[in-house]
Amino acid sequence: MTAAPPAGSDTVESGGRTPRRKAVGVLLAVAVIALLADLVTKQLALSSLTGRGPVSLLGGTVYLTLTRNSGAAWSIGSDHTWVFPLITIGVIAWIGWMALRLRSLPWAVSLGLVLGGALGNLTDRIFRAPGHFVGHVVDMVSLFDPYGQVWPVFNLADSSLVCGVVLAVLLELTGRQRDGRRAGAGPTQAAESTEATTGGEPRGRV
């Protein structure tokens with residue numbers, strides 16, 4: 001006899017999908033970790049690099065150099081700092097909307113990285129000088145050049161955003177959808193996935 005799982009059980013749903021509550025929990029956990037890591041590294045950079053020249057690491061592959069950026073990469077849009085918080089708020093709202101149908105753990109990680117990175121830089125825009133919503137973002141990592149001539153000086157929030165977006169692109173290319181399904185999966189594949197989840201027998205059958 002195979003007993004049916006309790007109602008509301010936090011197990012994998014039919015078709016191998018993850019319960020929404022678990023997926024959203026992973027999203028929020030990843031976002032909080034990314035945000036806290038970004039805040040800590042920025043504070044360390046401010047306390048350790050203020051008044052110092054670039055610090056060379058790995059034979060000049062990486063430099064630690066403290067900068068405050070009013071724009072985007074390479075200071076693009078530095079005269080319109082107020083625009084970036086509005087864009088970020090729009091991204092956060094979009095992630096909230098996506099979470100309504102989220103059933104995929106890989107997508108939860110991807111969206112969590114984007115959310116954490118967006119919140120990290122938004123915190124700078126709101127609370128740092130020269131004022132609310134026009135604050136300058138703290139950057140500290142430069143690749144191959146001490147002053148960002150090869151690659152824009154960035155921070156951990158930027159890295160989190162880029163990793164989240166790259167993961168999202170890979171998930172799209174491999175057909176993994178946010179609701180936990182695979183693009184193009186036919187009825188036969190769905191039935192096979194359901195049988196694998198339930199052990200090959202209908203649930204509740206005596």
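Me: A crossing of two helices is left-handed if the near helix is turned anticlockwise from the far one by less than a right angle, and right-handed if clockwise. In this predicted model, is the crossing of α3 and α4 left-handed or right-handed?

Reply: The axes of α3 and helix α4, which covers residues 156-173, come within 7 Å and cross at roughly 155°. Angles over 145 degrees count as roughly antiparallel, and α3 and α4 are therefore roughly antiparallel to each other. The hand of the α3 and α4 crossing is left-handed.

Me: How many residues of the contact of α3 with α4 are nonpolar?

Reply: On the α3 side the contact includes P106, W107 and V109, and these and others meet residues of α4, among them A157, L161 and L167. The contact of α3 with α4 has six polar residues and two charged ones, while its nonpolar residues number 13.

Me: How is α2 directed relative to α3, roughly parallel or roughly antiparallel?

Reply: Helix α2 spans residues 83-98 and helix α3 residues 105-127; their axes come within 10 Å and cross at roughly 150°. Because angles over 145 degrees fall in that class, the direction of α2 relative to α3 is roughly antiparallel.

Me: Which charged residue takes part in the contact of α2 with α3?

Reply: The crossing of α2 and α3 is left-handed. From α2, the residues in contact include F84, I92 and W94, and from α3 they include L111, L122 and R125. This contact divides into 14 nonpolar residues, one polar and one charged. Since Arg counts as charged, the charged residue is R125.

Me: How many charged residues are in the contact of α1 with α3?

Reply: Helix α1, residues 20-49, packs against α3 at an angle of about 35°, and their axes are 7 Å apart. This crossing is right-handed. The contact of α1 with α3 holds 15 nonpolar residues and five polar ones, and the number of charged residues is four.

Me: How far apart are the end C-alpha atoms of α3?

Reply: At 1.5 Å a residue, the 23 residues of α3 should span 33 Å. The model agrees with this expectation, as the end C-alpha atoms of α3 lie apart by 32 Å.

Me: Which residue caps the N-terminal end of α3?

Reply: A side-chain oxygen of the capping residue lies 3.3 Å from the backbone nitrogen of W107. The residue that supplies this oxygen is S104.

Me: Which residue is joined to A129 by a cis peptide bond?

Reply: Most peptide bonds are trans. Here omega is about 10° for the bond that follows A129. The partner lies in the loop between α3 and β3 (137-143), and its name is P130.

Technical notes: Residues are numbered from 1 along each chain as its sequence is written. This is a predicted model: local features need pLDDT of at least 70, side-chain atom pairs count only at pLDDT 80 or more; totals for chains, interfaces and linings use all residues. Side-chain values use heavy atoms; hydrogens and water are left out. Axes are lines fitted to C-alpha atoms, for helices over the stretch in contact, and angles run from 0 to 180 degrees between N-to-C directions. Helices (H or I, at least four residues) and strands (E, at least two) are DSSP runs, numbered from the N terminus. Angles under 35 degrees count as roughly parallel, over 145 as roughly antiparallel, 65 to 115 as roughly perpendicular and the rest as oblique. Contact means heavy atoms within 4.5 Å. The expected span of a helix is 1.5 Å times one less than its number of residues. A polar contact is a pair of N or O atoms within 3.5 Å; within protein, one must be able to donate a hydrogen and the other to accept it, and residues adjacent in sequence count only if both atoms are side-chain atoms.
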